[in-house]
Amino acid sequence: MALNVGGTRETILLVEDHSALLKLVKQILEDAGFTVIAASSATQAARLEAEFPGTIDLLLSDVRMRGLSGPNLARRLKERRPQMRVMLMSGYPGGAMLVLNYGWHYIEKPFVPSVLVSKIKDLLRGETREQSTDRFDTLKEPRRTLAAGSSAHV
């Protein structure tokens, strides 16, 4: 079943320099109904982006790659396609800090396929909630104070 937002099927430019992971993530995204343009390097991604005549809705790129990094690739492609959303991924500690400064979204590797697809759908639907690194949850309800003499623990 393809996800249609605004009547179109979304296109994702996927950039990952580890071939097995590129193949796996491409399959996850295609199974979720996305059109995927897969590139094994930032150089290949830049060439494919320049040749692609349609809209690219999302750049999903690894942060650390040989040659041009994911953040540098994103900056370059955003100049040509300012409406394109960006989500970067990394398995290295501190990867989130590298990308959150730009207002881009981030997912930490390894990730659960359903979490990746959910985050992408939220991003493409324009939801503005903060992306997390999946390590910490925000407190949903304010903590309650206990009356004096209560034996409950907080």
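These notebook entries record what I looked up on one helix and a group of strands in a predicted model.

**Entry 1: helix α2**

I began with helix α2, which spans residues 42-51, and asked which of its residues are buried. The buried residues are A42, A45, L48 and E49. I then viewed the helix down its axis: the buried residues of α2 fall within an arc of 120°, so they line one face of the helix. I noted the general background that an α-helix has 3.6 residues a turn, so residues three or four places apart point the same way. On the other side of α2, I found T43 and E51 exposed.

**Entry 2: the cover over α2**

Next I asked what covers the buried residues of α2. The cover includes two strands, β3 (11-15) and β4 (35-39), together with helix α3 (70-80).

**Entry 3: strand β6**

I turned to strand β6, residues 85-90, and checked how many of its residues are buried. Five of the six are buried, and I recorded the strand as mostly covered.

**Entry 4: the partners of β6**

I looked up the pairing of β6 with strand β5 (residues 58-62) and found it parallel, over five bridges. Within this pairing, L59 has V86 of β6 as its bridge partner. I also looked up strand β7 (residues 105-108), which pairs with β6 in the parallel sense over four bridges. Here S90 has E108 of β7 as its bridge partner.

**Entry 5: the crossover**

Finally, I examined the connection that involves α3, a helix already listed in the cover of α2. Together β5, α3 and β6 make a β-α-β unit, and I recorded this unit as right-handed.

Methods: Residues numbered from 1 in each chain as written. Predicted model: local features only at pLDDT ≥ 70, side-chain atom pairs only at ≥ 80, totals over all residues. Heavy atoms only, no water. Buried < 20%, exposed > 50% of the residue type's maximum accessible area, 1.4 Å probe, protein only. Arc of directions from axis to C-beta. Contact = heavy atoms within 4.5 Å. Pairing = 2+ DSSP bridges. Right-handed = clockwise from strand over helix to strand, strands pointing away.
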